[in-house]
Amino acid sequence: MWRFFVILTCKLINKISKITGHEGSVIGGYYALKLDKNILNKIHLPKYVIGITGSSGKSSSSELMYNILTQNGYTAVYNKEGSNTINAITSLILNNSTLTGKLKKDALIMELDEGFMKYIFKYFSPTHLMITNITRDQPPRNSHPSKIFECIKNAIPDNTHLILNVDDPFVNRLKINHKGQITTYGIDKNNYSYKNNINNLDAAYCPICHTKLEYDFYHYGHIGSYHCPNNDFERGKLDYEAKNIDVDNQLIEINNNKINLPSNFLYTVYFVTGCFALSKSIGLKDEDITNVLNSENIKTKRLEIYDFDNRKWQMLVSKNENNLSYKQSLDYLIHQNVEKTIILGFDNSSRRYTENDISWIWDIDFEELNDSKVNKIILIGKFCNDLLLRMTYAGINKDKIILVEDLNDLSEKIKKETKGKIYSMTCFDKEIELKKIIAGENDD
Amino acid sequence: MMINILHLYYDLLNLYGENANTRCIKRCLELNKIKVNIDLKSINDKIDFNKYDLIYIGSGSEEDLLLALDDIKKRRTDLKKYIENNKYLILTGNAMDLFGKYIETDKKIDALDIFDYYTKFINESTFENASTDRIVGEINAKCNLIKEEIIGFQNRCDLNINIKTPLFKLGNIFSNDLESENEGFTYKNVYATHIIGPLLIRNPYLTDYILSNMCKDKKLNYTKSDELSIKAYNKYLENFSK
């Protein structure tokens, strides 16, 4: 009876929250847990309880997994809004349960916060858990990758089937002593890979014998193909590997199946390959998965491209909180084979915390902006002088750099002093202002 | 004449953009037409400490710090001699933990025992948004060596107890032991702070103080500052001074 009441309360509060213009994906769970902290123990969960976690790529993976399963006739729910804390997961489960405590679907898919996972797995174990990567992510919140690794490691139940991106040595370490099943995935060398370690910052040593790992190639940061010289630890042979990767033309192959990528960013190779491995672990056939991946209905994030003074302006989000995501966006810019002007800047390091840590700009290889296709680099925002210093250290010719401290000057500067397609990569705070500038220009 | 710099544990204690510090030293010396060589060394490497004028060590995860500790303990005699000879040692983040008496985690681990303080890892969160147990935030501090304010960022879980010769003074929420107003540590030409990442780039006045003294010892002329760095420093204070 009490369970009935708690579930009803959760549903009602979330409904009211939604009606009053709030998200309605978190607060019901908060009150449900207040009323009965063990409520999650008392729900009859679906056959497949799937968790997806990691420093980046978990939202895209959850959404794609939902599409693959539902388009193959499975019924499923997932945390679409991207809230991934215990209150959000509680809301997700209770909102979709009957008042008698049954989640009547084939699969529950949960995007999970690395740090909060342990509080959820206290109540039930996932049947499958996919881990995308472990990198420097929101350091003021998460401190460092080895702490994130510990959080994940300590939360994993014995019997859960793990789906691991073993291109990441931190994720690969999760194999050690795990008692349940393990499926591995990764991606082959491609034209984004490089040999020298410029930015190999983490997990440099073998977790067993503490000898420095040797890399055959890097995709970005510490993600790549590596082995311990004493054979104590290696990426090894993968269960599922993306091969013949052509990021620019959005094509890969897994198990000899040709697959179209939803976009021309390197990270899509990872989440597509990860979801392939996860779907296979659940028992789907290759063609069931590829049919969905190659169909037109896979929604992708629309590229934000605008017109500005007879030029194209593409907006990218600057991932200040995660230096490797930021670096991948820079890689993307450099891989676009057009003359370009790049706008960089931010007022705040993060929208999730107010602390302004700027050490991460020194962990990003801005040196790659020394490229003949880069016409100008425009620096904006409250930290533009720190960025200017960083560009100077990166050896970028000062004639290529334009410092715009007052955004009112930006439009004129772009028109008079720059050439090529415009790419802006700014934090949320500047994005709004840039959109106004573009709109203003198009009104004239 | 060449200034020789050692970036020790460059691939292990490198957590928060720490590479910026050696790059800064190189740029500032080169602005003053002084030749610089930077060596990168790590665990198990052979090191001739006599060669170096300045050694820099940055911060790492607790796991990597203890890995470095195992290695650095083999170099105790060399390092003690290096410090006593008035050579320069700059430590950021938790690197200073290596030089104290011991580190208390869930057990007590002997450290270099070159200085009299000891370290304790904390296990309570002081940052409401943190999912881990850390001291995290922006730093504004005073320093006896220069008149200009020190800026920076901390992200740490170590307390250093029994330090009587701090490098900086600040409020107790970011101090060595969270009780006094002492931050960091100095002794002869050792400069240690919990500030992480690009300490020297963000604090050009401190950098000039340290490098010009080092150059004076070597009869080299160091007069030029990095104007870009000073501008970034001033803008930060203008935008974010509380």
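**Note on the predicted two-chain model: core, domains, sheets and interface**

1. The largest nonpolar core has 177 residues, and those with the most contacts inside it are A:Met65, A:Ile109, A:Met110, A:Ile152, A:Val269, A:Val272 and B:Leu54. Helix α9 of chain A, spanning residues 266–282, contributes the largest share of this core, namely 11 residues. Both domain 1 (42–293) and domain 2 (304–443) of chain A are represented in this core, with at least three residues drawn from each. All of what follows should be read with the reminder that this is a predicted model.

2. A:Met110 deserves a separate look, as it is listed among the residues with the most contacts inside the largest core. Once its neighbours within four places in sequence are left aside, A:Met110 is in contact with A:Ile50, A:Gly51, A:Ile52, A:Tyr78, A:Asn79, A:Ile89 and A:Leu92. There is also a second, separate core of five residues, which includes A:Tyr205, A:Leu213, A:Tyr226 and A:Phe233.

3. On the division of chain A, the domain assignment gives domain 1 as residues 42–293 and domain 2 as residues 304–443. The centres of these two domains, taken over C-alpha atoms, are separated by 30 Å, and 19 residues of domain 1 are in contact with 17 residues of domain 2. On the side of domain 1 that touches domain 2, helices α6 and α9 of chain A each supply at least two residues, and the largest share of that side, three residues, comes from α6(A).

4. Within chain A, strand β5 (residues 161–165) is mostly covered, with four of its five residues buried. Strand β4 (residues 128–131) of chain A runs parallel to β5(A) and is joined to it by four bridges, while β5(A) also pairs in the parallel sense with strand β6 (residues 182–187) of chain A, again over four bridges. A:Leu164 can be used to follow the register across these strands, since this residue of β5(A) stands opposite A:Ile131 and also stands opposite A:Thr184 in β6(A).

5. Chain A further contains an open sheet of six strands with mixed pairing, in the order β12-β13-β17-β14-β15-β16. Its edge strands are β12 (304–308) and β16 (401–403) of chain A, each of which pairs on one side only. Neighbouring strands of this sheet are turned against each other by 20° on average, direction ignored.

6. Inside that six-stranded sheet, strands β14 (residues 340–345) and β15 (residues 374–380) of chain A run parallel and are joined by six bridges, with A:Ile377 in β15(A) as the bridge partner of A:Ile342. Helix α12 of chain A, residues 384–393, lies across β14, β15 and β16 of chain A and runs at about 145° to β15(A).

7. Turning to the contact between the chains, 30 residues are taken from chain A and 34 residues from chain B. Helices α6 (139–142), α7 (145–155) and α12 of chain A each supply at least two residues of the side of chain A that touches chain B, and α12(A) provides the largest share of that side, six residues. A reader following α12(A) will therefore meet this helix both lying across β14, β15 and β16 of chain A and on the side of chain A that touches chain B.8. Chain B has six helices and 14 strands. The radius of gyration of chain B is 17 Å, close to the 18 Å that the globule rule gives for 242 residues, so chain B is as compact as a globular protein of that length. Its C-alpha atoms fill a box of roughly 50 × 45 × 30 Å, taken along the principal axes, and buried residues make up 45% of the 242 residues in chain B. Among contacts in chain B between residues at least 6 apart in sequence, 65% join residues at least 24 apart.

9. One sheet of chain B is an open sheet of four strands with antiparallel pairing, in the order β9-β8-β11-β12. Strands β9 (150–156) and β12 (182–183) of chain B form its edges, and each pairs on one side only. Strand β11 (residues 168–169) of chain B pairs with β12(B) in the antiparallel sense over two bridges, and B:Asn182 in β12(B) is the bridge partner of B:Lys169.

Methods
Residues numbered from 1 in each chain as written. Chains lettered and ligands numbered in written order. Predicted model: local features only at pLDDT ≥ 70, side-chain atom pairs only at ≥ 80, totals over all residues. Pairing = 2+ DSSP bridges. Axes fitted to C-alpha atoms, helices over the stretch in contact; angles between N-to-C directions. Contact = placed C-beta atoms within 7 Å. Core = buried A, V, L, I, M, F, W, Y, C linked by C-beta atoms within 7 Å. Buried ≥ 20, exposed ≤ 12 C-beta atoms within 10 Å, placed from the backbone. Domains from an automatic or database assignment. Rg over C-alpha atoms; globule rule 2.2 N^0.38 Å.
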